[in-house]
Each structure stands twice: as C-alpha cells, then as structure tokens.
Amino acid sequence: MNTHPDSNLSKVRQKDLAKAANVSVSTVSLALRDHPSISAATKRKVAELQKKIGYQPSRTSSPPSERPRLLFCLLRRALNSPLYNPFLEGVVTACKQLRSPLDIDFVRVDEDISEHPFQAQNGAPPDGIIFAGAVTEEIVNRGKAEASHVVVLGTHHLNEPVHRVDLDLNAMARMIARRVIADGNRAAFLVTIPSDDYNRDLAHALKEALQNEGLPILPRNTFTLNPNETDVSAVASAVVSHKGPVAVVTSALFISQGLLAQIPGRKSAIKHYSILVDETPQPGIIGINPGQKRLGMVGVDLLHALHSKETNYTGPFTTLLPPVGWVEPPSVSR
C-alpha cells in the first residue's frame, strides 16, 4: 500500500522516472539495483528523483526458492504459434530432465514491455531468464538487471553481449542447396518473408549457398511476401512458365502449401522444398526439420550450467545448432 499523502503517486511508473532522469528505463532499473555498470552520479540522480516523484518498484519481496527459478519470456509472439511453441516444449522438457530440477514460470508480454516486470509468479526475481520473440537490446539490459543470467533464443542482431542459442542458418542453407542440386534441378525460385532478422538472414544464406553450389537464383526468380500475405499467384505463374526441372525453396510451410494448391499436379518437374517446424511429413513437400525444440533445451542446459557454476567461463556463449534432417513427403522414401 502506498502511504504517500498524494494517492496519485501510486500511478508513477518506471518509465516516468526514466523520463524525469533523462535516461533509459534499463538504466533506471540497473541504478535502482546498484549495478556496477551505472555511475555513482546517475545512481544518486535516480534515487533523488525516485524519492521526489514517489516511484515504488512493483516487485514484492518473498523468500527465495530452494531450487533455481527460471523464467521463459516470450515477447509479442503467441505461445501456441508453430514457430515458438517448440521453444516452450524444449524448455519444459529440459527442466524435467535435469538432475537438479528447475522451477519454471512462463510469461507472454504483449503490452508495454518497458513496464513489465520480469519476475516469477510469486514476485521473486528469477535466477535465469530465457527470452524469445521480439527481443531488443533494451530487453536484454533489463533482463540482466533482473536475473543473474540471460539467454536469448533465435536470430537477433544485438550489440549487447548475451548468451545466445540459435539455428545454424548457414549449415541449413548449405544442406538445402546440396539437396536441390542432387535432385537434378536446373533452376531455383526462392520465396521468403523478410519480416525479421531470422528470415532476412535465412534468405541471404540460401542465396549464397545456391550460388556456391553453382545454381544462382536470378532476381526475377526471387519473391518476398508480407507476413500475412497468402496470395502466391504471381509466384505460381512464374514457376509454371519455367521449362525444365525447377526447385521452389520457401522459408515457411504455408507458402509451399499455397503454391501446391495453385500449381497443377502434372507439373512433376517442379519440386518444393520448405523449412518445417517439426518432423511431420507434408504431402508434396520435401521438408527440412531445423529442430527448434532443441533451442529451448540447450537454453535451459546453459542456464543451469551457469547457475550451478559447472563452467568457469561466463560468456557470452553463442551456440549454433545444425538442422536435424530431412522430412520426406509421405509418398517418397529416400
């Protein structure tokens, strides 16, 4: 309960304090925790303004858990989405398999991230945080202020040093390019969704790998779609008009499925290759399973090793995982 005589002060938020101090929210968070990366002058300024405007941290105190507590935080993405649900499954699986089990909480943040406390459900600070989704440097800095260790899953271009677990996109692209060549294709089309760092890096890796394997993708055979775009008629028309064995490589399953629905079945010279999210075979599509569940598992293992001091190296670690393997369509055995 706020005992300050002005009841309106209970509405003061951390970003209000940051604005008053003319610093970022992460700087305020670090200053309030006496973090060594913040200068003494800034700490004094934040402390004085905190008292002046009446800001009170939202975190409640609670006895520490006997077991390490992990927080899995998905930022502005759906937990049940095909891309991120495997991360969650991997985190849960790894927590159960550890010799010294971890307590785990989950949180999905869609609102103003700068105001959301990264804490366990009981209000206690977590021992480690795994971030996935729309991760930014601001988020990483805040996570470091909240927890002893932070791990980021997936592809993110961050200047802030942080432990990362990601797919080896170059290895996956090389694997796809070599399969496309081995299957006898004489040309290739590439259809991607350049909506984030993962998709942009993947598109670049695929182009480079096919070029290195001797099958460069011509500009007219390169298509980009918006995340919510389902109309692939332009791509289908270009593919159908091409003569000879041709490969269509897509970064998302729904693109390949849309193309299959529009391209006549008699076009047996057209082979579809797509990146899947699991090992489920897809009719008419040669899929590659990147093994996204492993990202969550390795993230937990890394946090556990850091927390239990099983390693003397504190990082930052960057772990790149190669794809699991091919997922052949039901009618094909290889």
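**Notes on the predicted model**

1. Let's start with helix α5, residues 137-146, which is mostly covered: seven of its 10 residues are buried. The buried ones are Ile139, Val140, Asn141, Arg142, Gly143, Ala145 and Glu146, so the list has Arg142 and Glu146 in it alongside Ile139 and Val140. Keep in mind that this is a predicted model.

2. On to the nonpolar cores. In general, nonpolar side chains in soluble globular proteins tend to be buried together. Here the largest nonpolar core has 44 residues, and the members that touch the most others are Phe72, Ile130, Leu153, Met172, Ile176, Val180 and Val300.

3. Phe72 is a good place to look inside that core. Leaving out residues up to four places away in sequence, Phe72 touches Leu79, Phe87, Leu88, Val91, Asp105, Phe106, Val107, Ile130, Ala132 and Leu153. Two of these contacts, Ile130 and Leu153, are also on the list of members that touch the most others. There is also a second, separate core of 18 residues, with Phe189, Ala238, Ile255 and Leu259 among them.

4. Which rings make up the aromatic pair? A search of the whole structure turns up one such pair. The partners are Tyr84 and Phe87: their ring centres are 5.6 Å apart and their planes stand at 80°, so the pair is edge-to-face. Both Tyr84 and Phe87 are buried, and Phe87 is one of the residues that Phe72 touches.

5. Next, the pocket. The largest one has a volume of about 700 Å³. Its lining counts 25 residues, of which Pro82, Leu83, Ile193, Ala252 and Phe254 are the closest to the centre. The elements that give two or more residues to this lining are α7 (197-212) and α9 (253-262). By class, the lining has 14 nonpolar, eight polar and three charged residues.

6. Last, Thr222: is this residue buried or partly exposed? Its relative accessibility is 23%, and buried would need under 20%, so Thr222 counts as partly exposed. Thr222 is located in strand β7, residues 222-224. Apart from residues up to four places away in sequence, Thr222 touches Leu190, Lys207 and Ile217. Leu190 is 32 residues from Thr222 along the chain, yet the C-alpha atoms of the two are separated by 5.0 Å.

Definitions and conventions. Residues are numbered from 1 along each chain as its sequence is written. This is a predicted model: local features need pLDDT of at least 70, side-chain atom pairs count only at pLDDT 80 or more; totals for chains, interfaces and linings use all residues. Side-chain values use heavy atoms; hydrogens and water are left out. A nonpolar core is a set of buried Ala, Val, Leu, Ile, Met, Phe, Trp, Tyr and Cys residues joined through side-chain atoms within 4.5 Å. Buried means under 20% relative accessible area, exposed over 50%, partly exposed in between (1.4 Å probe, protein chains only). Contact means heavy atoms within 4.5 Å. On a 1 Å grid over the protein atoms alone, a cavity is a set of points where a 1.4 Å probe fits but cannot get out, and a pocket is an open set with protein on both sides within 12 Å along at least five of seven lines; lining residues have an atom within 4 Å of a point. Grid points are joined across faces, edges and corners, and a volume is the space filled by probe spheres set on the points. Helices (H or I, at least four residues) and strands (E, at least two) are DSSP runs, numbered from the N terminus. Ala, Val, Leu, Ile, Met, Phe, Trp, Tyr, Cys and Pro count as nonpolar, Asp, Glu, Lys and Arg as charged, and the others, Gly among them, as polar. Rings of Phe, Tyr and Trp (its six-membered ring) pair if their centres lie within 6.5 Å; planes under 30 degrees apart count as stacked, over 60 as edge-to-face and the rest as tilted.
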